[in-house]
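This briefing goes through selected helices of the structure shown below and then turns to the way the chain is divided into domains. Please keep the structure open while reading.

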Amino acid sequence: MSNALAASSHPARPAIAWIGLGIMGSPMSENLIKAGYDVTGFTLEQDKLDRLAAAGGTAAGSIAEAVKDADVVITMVPASPQVEAIAYGPDGILENAGSGALLIDMSSITPQTSVDLAKAAKDKGIRVLDAPVSGGEAGAVEAVLSIMVGGEQADFDIAKPIFEALGRTIVLCGPHGSGQTVKAANQLIVAVNIQACAEAVVFLDKSGVDLKAALDVLNGGLAGSTVLTRKKDNFLNRDFKPGFRIDLHHKDMGIVTDAARNVGAALPVGAVVAQLVASLRTQGDGGLDHSALLRAVERLSGTQV
Ligand code: NAD
């Protein structure tokens, strides 16, 4: 274990490698830089590497280069196949990070992928936490994410100061994979909530009610939600720039549907919303924000979209 990770009595901040500088990874890594961490990053888009360098980080030319001197490696990529691609193989994290490094995967992936990764990493002396997040792009920018963690208590304690630079609600949920299971539940709740909001918006609109006034008062009562607060303007302005892409929520609805089936939990409403998310993709809306569930309801309601 490197000095920076050995114990909280060491004031040195661990050197961070960040893999995956997308909508979430860019602002999150920048928050670590602002908090005083040295961040070396790698991602597939050159403009995102330039952005990291402009923010005071170091752009690496490969995963191996990014992780070789890192105490902590953080990954934030789309889904299980990408996590496996960056973790395994001769060019991957497990082969190139030092023994004693802590790997924190903050992507939303299947719980089983997290369990398998922790097992494979252990053979290399690398410890792993799954630490998916909720709060969206705005939560990442504002460093107010909810972070749901799976893994060992000792590793969680070491990672806590890093999490505190990224989020506000930080909870160890249980062993490896638990963070991902909780995140799957989160995505179920968010999708169903967006769908309910979208149905209310179409209903209110067709009834001729002032939509802004209606959403404001609804958000002050029991119908209010973080989803409504964060997505109200998307609905009002029909602004579906992501945010959180329908493609990613489709992936997450697959994860929660599969995980629920494995434990024998019924998701009758979630299953319907999963179908609506899937149909948006087949209609070419996969790159839009998940608030575009409004478009699905409008199509069903005969509204021109
Ligand atoms: P994104 O598509 O914007 O970014 C993904 C990044 O991963 C890209 O920059 C890409 O270059 C990088 N990447 C992919 N394969 C790579 C590889 N082989 N090597 C190096 N880099 C690679 O995605 P995002 O919106 O930032 O989401 C990332 C994760 O966070 C997903 O699992 C998503 O479900 C989750 N999430 C997203 C949000 C959100 O609001 N966007 C909120 C919570 C959780």
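The buried residues of α13 are I246, L248, H249, K251, D252, M253, I255, V256 and A260, a list that is taken, like everything that follows, from a predicted model. The points below take up α13, then α14, and finally the domains.

**Helix α13**

- Among the elements that cover the buried residues of α13 are α7 (111–122), α10 and α14.
- With its 18 residues, α13 extends 26 Å from its first C-alpha to its last, which is close to the 26 Å expected at 1.5 Å a residue.
- After α13 comes G264, a residue whose phi is positive, near 75°.

**Helix α14**

- The 15 residues of α14 (residues 268–282) should span 21 Å at 1.5 Å a residue, and the end C-alpha atoms of this helix are in fact 22 Å apart, which agrees with that expectation.
- Buried in α14 are G270, V273, A274, L276, V277 and L280; because these buried residues fall within an arc of 160° when seen down the axis of α14, they line one face of the helix.
- As general background, an α-helix has 3.6 residues a turn, so residues three or four places apart point the same way.
- P268, V272, Q275 and T282, by contrast, are exposed on the other side of α14.
- The packing partners of the buried residues of α14 are α10 (178–206), α13 (246–263) and α15 (293–300), while α14 is in turn among the elements covering the buried residues of α13.
- G284, whose phi is positive, near 90°, follows α14.

**Annotated span**

- An unreviewed UniProt entry places the feature "domain: 3-hydroxyisobutyrate dehydrogenase-like NAD-binding" at residues 177–296.
- In the model, residues 177–296 are 72% helix and 0% strand, and the end C-alpha atoms of this span lie 32 Å apart.

**Domains and their interface**

- The domain assignment divides the chain into domain 1 (3–175) and domain 2 (182–301), and the C-alpha centres of domain 1 and domain 2 lie 28 Å apart.
- How many residues of domain 1 are in contact with domain 2? There are 18 residues of domain 1 in contact with 10 residues of domain 2.
- Between domain 1 and domain 2 an area of about 1000 Å² is buried, and carbon and sulfur atoms give 62% of this area.
- Of the area that domain 1 buries against domain 2, 34% is supplied by I23, S108 and M148, more than by any other three residues.

Note on methods: Residues are numbered from 1 along each chain as its sequence is written. This is a predicted model: local features need pLDDT of at least 70, side-chain atom pairs count only at pLDDT 80 or more; totals for chains, interfaces and linings use all residues. Side-chain values use heavy atoms; hydrogens and water are left out. Helices (H or I, at least four residues) and strands (E, at least two) are DSSP runs, numbered from the N terminus. The expected span of a helix is 1.5 Å times one less than its number of residues. Buried means under 20% relative accessible area, exposed over 50%, partly exposed in between (1.4 Å probe, protein chains only). The arc is that of the directions from the helix axis to the C-beta atoms. Contact means heavy atoms within 4.5 Å. UniProt positions are given in the numbering used here, feature names are shortened, and annotations may be inferred rather than shown by experiment. Domain bounds come from an automatic or database domain assignment. Buried area is the accessible area (1.4 Å probe) that two parts lose on being put together, summed over both.
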